Amino acid sequence: DETKDQSEWRVEMEQVAQAERPVPIIEEHLEKYQTFAEYSREERLHDEAELQEKRIMEAQSELELKLIQAKRERDMVMHNLQHVQAKRKLPIPGNRHLPARVN
């Protein structure tokens with residue numbers, strides 16, 4: 001009977017040992033996959049941040065270009081306005097009348 005008890009105990013202990021054996025391996029693999037997942041997540045976030053920064057810089061460049069174009073147009077309009085105002089103030093020389101334009 002004692003041999004049977006010892007045999008049952010030994011079988012039970014082997015089953016417990018086998019059941020416990022894969023756990024560290026599974027935990028090791030789980031930790032490794034979690035590390036890979038975290039690295040991938042961080043890399044994705046970094047890529048998204050770079051893309052967002054690139055879009056912001058492109059938008060800023062586009063706005064700067066539009067601002068330069070608007071300033072050029074404003075300067076041209078101001079120049080034309082000054083030219084028109086200067087022409088209005090010119091006196092008509094020696095009682096001569098300017099011919100009217102007929103379109």
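Lys-66 and Glu-62 are joined by a salt bridge in which the closest N and O atoms are 3.6 Å apart. The model is predicted, and the charged side chains described below are taken from it, with the count of salt bridges coming to 4. A negative surface patch, formed by Glu-2, Asp-5, Glu-8 and Glu-12, is described after the salt bridges.

**Salt bridges within helix α2**

- Lys-66 and Glu-62 stand 4 residues apart in helix α2, which means that about one helical turn separates them.
- Lys-66 is partly exposed, its relative accessible area being 48%, and Glu-62 likewise counts as partly exposed, at 47% relative accessibility.
- Glu-48 and Arg-44 also meet through their side chains in a salt bridge, with an N to O distance of 3.4 Å.
- Because Glu-48 and Arg-44 are 4 residues apart in helix α2 (residues 22-88), they are separated by about one helical turn.
- Glu-48 has a relative accessible area of 43% and is therefore partly exposed, while Arg-44, at 45% relative accessibility, counts as partly exposed.

**The salt bridge of Arg-74 and Asp-75**

- Between Arg-74 and Asp-75 there is a salt bridge whose closest N and O atoms lie 3.0 Å apart.
- Asp-75 counts as partly exposed, with a relative accessibility of 43%.

**The negative surface patch**

- The residues that form the negative surface patch are Glu-2, Asp-5, Glu-8 and Glu-12.
- Asp-5, one of the residues of this patch, belongs to helix α1 (residues 2-20).
- At 49% relative accessibility, Asp-5 counts as partly exposed, and its accessible area therefore passes the 30% cut-off that patch residues must exceed.

Conventions: Residues numbered from 1 in each chain as written. Predicted model: local features only at pLDDT ≥ 70, side-chain atom pairs only at ≥ 80, totals over all residues. Heavy atoms only, no water. Patch = residues over 30% accessible without salt bridge, like charges linked within 9 Å, V, L, I, M, F, W, Y side chains within 5 Å. Areas by Shrake-Rupley, 256 points an atom, 1.4 Å probe, with all protein chains shown as cover. Lys, Arg positive; Asp, Glu negative; His and termini not counted. Charge placed at Lys NZ, Arg CZ, Asp CG, Glu CD. Helix = DSSP H or I, 4+ residues; strand = E, 2+ residues; numbered from the N terminus. Buried < 20%, exposed > 50% of the residue type's maximum accessible area, 1.4 Å probe, protein only.
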